[in-house]
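Reader: I'd like a close look at one part of this model rather than a tour of everything. Could you pick a part and walk me through what surrounds it?

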Amino acid sequence: MGDDAARLQQLSACLAQSLSPDATLRTQAEGFLQAGTTSPGFSILLMRLLATETAEAQVRQSAAVTFKNLVKTHWVAKEADVVGAAAPYHVGDAEKEQVRGLIVGLMLSAPRLVQAQLSEALSIVSAADFPERWPQL
């Protein structure tokens with residue numbers, strides 16, 4: 001549990017730094033977030049932060065944008081650009097199942113600016129997964 005809290009704290013700090021006027025801090029934070037978007041479980045970590053009502057509004061908004069961009073870029077599996085190269089990262093099926101189970105409730109309880117980003121992410125997920133992989137929607 002302590003490790004999860006530390007990961008949430010680190011993510012929150014990076015999201016805040018990604019909004020910093022200090023170019024060095026901002027660039028480092030953006031690099032961390034970019035690397036995170038290709039790490040298994042990162043979408044769930046973002047959603048946990050989004051659900052944290054005590055998180056700063058700017059951090060939650062930044063988390064929502066990062067989550068939406070992750071879904072936009074990595075939800076649907078893509079083929080490799082070069083023959084013989086590894087396929088680009090995409091969100092795994094178990095993680096997708098968790099996201100589908102959380103996103104609607106989270107969107108309905110989130111602040112308005114966060115809702116807008118989650119609504120777009122929900123649209124992408126539902127277009128890709130409904131009805132075959134998300135019949136409960």
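Author: Here's a walk along helix α4, with a few stops elsewhere in the chain for context.

First, the ground rules. This is a predicted model, where local features need pLDDT of at least 70 and side-chain atom pairs count only at pLDDT 80 or more, while totals for chains, interfaces and linings use all residues. Residues are numbered from 1 along each chain as its sequence is written, and side-chain values use heavy atoms, with hydrogens and water left out.

Helix α4 covers residues 57-74. Helices here are DSSP runs (H or I, at least four residues; strands are E, at least two), numbered from the N terminus. With 18 residues at 1.5 Å each, α4 should span 26 Å, and its end C-alpha atoms sit 25 Å apart, which agrees. That expected span is 1.5 Å times one less than the number of residues.

Now, what's tucked away? The buried residues in α4 are Val 59, Arg 60, Ser 62, Ala 63, Ala 64, Thr 66, Phe 67, Lys 68, Leu 70, Val 71 and His 74. Buried means under 20% relative accessible area, exposed means over 50%, and partly exposed is in between (1.4 Å probe, protein chains only).

One neighbour of α4 is helix α6, residues 112-129. The two axes come within 9 Å and cross at roughly 10°, so α4 and α6 are roughly parallel to each other. Axes are lines fitted to C-alpha atoms, for helices over the stretch in contact, and angles run from 0 to 180 degrees between N-to-C directions. Under 35 degrees counts as roughly parallel, over 145 as roughly antiparallel, 65 to 115 as roughly perpendicular, and the rest as oblique.

Who meets whom? From α4 come Arg 60, Gln 61, Ala 64, Val 65, Phe 67, Lys 68, Val 71 and Lys 72, and α6 brings Leu 113, Val 114, Gln 117, Leu 118, Glu 120, Ala 121, Ile 124 and Val 125. By class, that contact has 10 nonpolar, 2 polar and 4 charged residues. Ala, Val, Leu, Ile, Met, Phe, Trp, Tyr, Cys and Pro count as nonpolar, Asp, Glu, Lys and Arg as charged, and the others, Gly among them, as polar.

Val 71 is a good residue to zoom in on. At 1% relative accessibility, Val 71 counts as buried. Skip residues up to four places away in sequence, and Val 71 touches Ala 121, Ile 124 and Val 125; contact means heavy atoms within 4.5 Å. Looking back along the chain, the C-alpha atoms of Val 71 and Gln 58 are 13 residues apart in sequence and separated by 20 Å.

Next, Ser 62, also in α4. Ser 62 is buried at 10% relative accessible area, and its contacts, beyond residues up to four places away in sequence, are Leu 15, Ser 18 and Leu 19. Helix α1 runs over residues 2-17, and another link to α4 starts there: Ser 12 lies in α1 and touches Leu 49 and Val 59, with the same four-place exclusion. Ser 12 is buried too, at 17%. Ala 16 is found in α1 as well, but is partly exposed at 37%. The C-alpha atoms of Ala 16 and Ala 63 are separated by 9.5 Å, with their positions 47 residues apart along the chain.

Past α4, in the loop between α4 and α5 (93-109), you'll find Ala 80. Ala 80 is partly exposed at 28%. Leaving aside neighbours within four places in sequence, Ala 80 contacts Ala 85, Ala 86, Ala 87 and Pro 88.

One last stop lies in the segment after α6, where Pro 131 is found. A cis peptide bond joins Phe 130 and Pro 131, with omega about 0°. For background, most peptide bonds are trans.
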